[in-house]
Amino acid sequence: MLRPPLKQIARRAADWRCPNCGRGRLFRGVFRMLLVCPECGLSYFPEQGYYVGAMIINYVATTAGVVTIFLLSLLFKDFTTLSTNSKILLWMVFAITLSLLLMRHAYSFWLGL
């Protein structure tokens with residue numbers, strides 16, 4: 001099996017398509033991956049624990065996003081009168097939401113690599 005060029009793999013990963021054929025979809029639902037490509041039969045789960053790397057990519061991207069936005073928010077005057085606990089809760093909700101939004105991208109790019 002020939003490996004497609006990296007640019008093509010990145011494009012397929014951004015579209016959540018099979019890294020091998022580019023036609024099969026990766027996800028059945030919002031968070032559920034298919035076991036194999038419906039078009040070419042490529043296994044999306046080559047071994048147990050395969051997606052630990054994708055989880056690390058997701059964690060690093062989420063952490064970088066939250067820390068960057070937090071540091072940028074320090075440049076502005078505190079325009080809110082929320083308590084510290086409320087601010088922490090808002091940051092936690094933002095971090096969890098960002099992590100869930102990036103999950104599909106991280107899994108797709110990890111499978112493509």
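A disulfide is taken here as a pair of cysteine sulfur atoms within 2.5 Å, and in this predicted model the count under that rule comes to zero. The sulfur of C18 lies 3.7 Å from the closest cysteine sulfur, which belongs to C37, and this pair is therefore too far apart for a bond. For C37, in turn, the closest cysteine sulfur is that of C21, and because the separation is 3.7 Å, this pair is likewise too far apart for a bond. Both cysteines whose surroundings were examined in this way are buried, C18 with a relative accessible area of 0% and C37 with a relative accessible area of 3%.

The secondary structure of the chain consists of three helices and zero strands, which follow one another along the sequence in the pattern α-α-α. The radius of gyration of the chain is 18 Å, well over the 13 Å that the globule rule gives for 113 residues, so the chain is more spread out than a compact globule. Along its principal axes, the C-alpha trace spans about 60 × 25 × 20 Å. Of the 113 residues, 26% count as buried, and among the contacts in the chain with a separation of 6 or more, 47% are accounted for by residues 24 or more positions apart.

The largest nonpolar core contains 13 residues, and those with the most contacts inside this core are L26, M33, Y44, Y51, Y107 and L111. Helix α3, which covers residues 84–112, provides the largest share of the core, namely three residues. Helix α3 is also the place of W110, a residue that counts as partly exposed at 27% relative accessibility. When residues up to four places away in sequence are not counted, W110 touches Y50, Y51, G53, A54 and I57. The C-alpha atoms of W110 and M55 are separated by 9.2 Å, although these two residues stand 55 residues apart along the chain.

With regard to charged side chains, the count comes to one salt bridge, which E39 forms with R23, the closest N and O atoms being 3.8 Å apart. This pair links distant parts of the chain, in that E39 and R23 are 16 residues apart, while each of them is placed in the loop between α1 and α2. The two partners fall into separate accessibility classes: E39 is partly exposed, with a relative accessible area of 48%, whereas R23 counts as exposed at 52% relative accessibility.

A further charged residue, R12, lies in helix α1, which comprises residues 6–14. R12 is buried yet has no salt bridge, and the nearest side chain of opposite charge, that of D15, is 8.0 Å away. Because a salt bridge requires a side-chain nitrogen of Lys or Arg within 4 Å of a carboxyl oxygen of Asp or Glu, the separation of 8.0 Å between R12 and D15 does not qualify. Leaving out residues up to four places away in sequence, the contacts of R12 are with P4, R17, C18, P19, N20, C21, G22 and S108. This list includes C18 and C21, of which C18 is the buried cysteine with a relative accessible area of 0%.

Terms used:
Residues are numbered from 1 along each chain as its sequence is written. This is a predicted model: local features need pLDDT of at least 70, side-chain atom pairs count only at pLDDT 80 or more; totals for chains, interfaces and linings use all residues. Side-chain values use heavy atoms; hydrogens and water are left out. Buried means under 20% relative accessible area, exposed over 50%, partly exposed in between (1.4 Å probe, protein chains only). Helices (H or I, at least four residues) and strands (E, at least two) are DSSP runs, numbered from the N terminus. Lys and Arg count as positive and Asp and Glu as negative; His and the chain ends are not counted. Contact means heavy atoms within 4.5 Å. A nonpolar core is a set of buried Ala, Val, Leu, Ile, Met, Phe, Trp, Tyr and Cys residues joined through side-chain atoms within 4.5 Å. The radius of gyration is taken over C-alpha atoms; the globule rule is 2.2 Å times the number of residues to the power 0.38.
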